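Thank you all for coming; I would like to talk through one structure today, beginning with its aromatic rings and then moving on to its core and its cavities. Please have a look at it first.

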Amino acid sequence: MKPDFTEIGNCTRIQEFCFLASLKEPLPTTISALNILLSITALLGNVLIFVALRKVSSLHPPSKLLFGCLASTDFCVGLFSHPLFVTFIFAREHSKLCYYSTILSNTIGFIFCGVSVLAITAISVDRLLALMLRLRYRQVVTLRRVWVLVVFFWLFSSSFSITRLYKRRIAETITSIIMLLCLGTSTFCYIKIYLTLHRYKAQVKSNKSQGQPHESRIPLNIARYRKTVSSALWVQMTLLACYLPFAVVTGLRGVLGLHSTNFHRAHVVTITLLLLNSTLNPFLYCWKIKEVRGAVKDSINKLNCFPD
């Protein structure tokens, strides 16, 4: 089966495919400069996080693996996706170069962003299982099973990205559906977590009022768990803000085939917003996870070339 190139079979059709050609300054230049800056911050930030995660021992190994998977894909976004998107923008006046850069940018970008959204969804499910399973959690969520899941994420995203070469509109529609399902799953998990913690809190107050013994451990365990959930929740909120606009716009483009100039502007902005998530995640790690924040500070201090 060969890729469906009929929609871009000549220079005119290629020019239509490269929708950025219809955009006028200063938007392309502004988006290019912003993506170059985000590429640098994503690279530096995720390198620090990846090194810091290796030093943190308080996280459960399967959970650390999921966070590490997320950091690695965010690093790859900075290393490949941002530069390819900038190349795509600069090539908008050259039809064939624009087409090939579009194919490469979309394929590679979908792989990394696809793994990212799947990893963050898995983190939300992991936090829900930790709360619901309690003592059985470490027996059910093992490092081996999470490794299998991570490998599946990479294989699935890589395989599905190839479909964009064959049926672009169908692939864009399915992409939007998958993103919305992931966002919906994560949102459901955190709502369930919130309701469960609220019920536990009421139960703790009831136990204290009745003077039941050995209940002092429950608030401490919940307090520790709420910190972990809070960290992942901020990542989830950022994911919603960055991915939801892209999922909606991509779905409309796939289903309705919209190609107006205003729609192209919105598409470019949502792509940049999508890639922005890879820069924001490291800051969330440093802000919300105390151990990671301390490890990052140690790494920066070791790189300090100006002693006191």
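In this model, which is a predicted one, the count of aromatic pairs comes to six. A pair of aromatic rings is described by two things, the distance of the centres and the angle of the planes, and I will go through two of the pairs in those terms.

In the pair made by F110 and F160, the ring centres lie 5.4 Å apart and the planes meet at 40°, which falls between the limits for stacked and edge-to-face, so this pair is tilted. Because F110 belongs to helix α4 whereas F160 belongs to helix α6, the pair ties together parts that are 50 residues apart in sequence. Are these two rings buried or exposed? F110 has a relative accessibility of 13% and therefore counts as buried, and F160, with a relative accessible area of 12%, is buried too.

The pair of F152 and F156 has its ring centres 5.8 Å apart, and since the planes are at 25°, this pair counts as stacked. Both residues sit in helix α6, and because they are four residues apart there, about one helical turn separates them. F152 is partly exposed, with a relative accessible area of 46%, and F156 is also partly exposed, at 32%. If we now put these residues together, we find that F110, F152, F156 and F160 join with F153 in one aromatic cluster.

Let me turn to the nonpolar core. The largest one has 60 residues, and among those with the most contacts inside it are I49, F85 and Y285. Several helices give two or more residues to this core, including α2, α3, α4 and α6, and the helix that gives the most is α4, with 14 residues.

Finally, what about empty space? Rolling a probe the size of a water molecule over the atoms shows where such space is left. Searching the whole structure finds four cavities of 30 Å³ or more, and the largest cavity holds about 310 Å³ of space. This cavity is lined by 20 residues, of which S105, N106, R164, F246 and I271 are the closest to its centre. The elements that give two or more residues to the lining are α3, α4, α7, α8 and α9, and α4 gives the most, with six residues. As for the character of that lining, ten of its residues are nonpolar, seven are polar and three are charged.

Note on methods. Residues are numbered from 1 along each chain as its sequence is written. This is a predicted model: local features need pLDDT of at least 70, side-chain atom pairs count only at pLDDT 80 or more; totals for chains, interfaces and linings use all residues. Side-chain values use heavy atoms; hydrogens and water are left out. A nonpolar core is a set of buried Ala, Val, Leu, Ile, Met, Phe, Trp, Tyr and Cys residues joined through side-chain atoms within 4.5 Å. Buried means under 20% relative accessible area, exposed over 50%, partly exposed in between (1.4 Å probe, protein chains only). Rings of Phe, Tyr and Trp (its six-membered ring) pair if their centres lie within 6.5 Å; planes under 30 degrees apart count as stacked, over 60 as edge-to-face and the rest as tilted. On a 1 Å grid over the protein atoms alone, a cavity is a set of points where a 1.4 Å probe fits but cannot get out, and a pocket is an open set with protein on both sides within 12 Å along at least five of seven lines; lining residues have an atom within 4 Å of a point. Grid points are joined across faces, edges and corners, and a volume is the space filled by probe spheres set on the points. Ala, Val, Leu, Ile, Met, Phe, Trp, Tyr, Cys and Pro count as nonpolar, Asp, Glu, Lys and Arg as charged, and the others, Gly among them, as polar.
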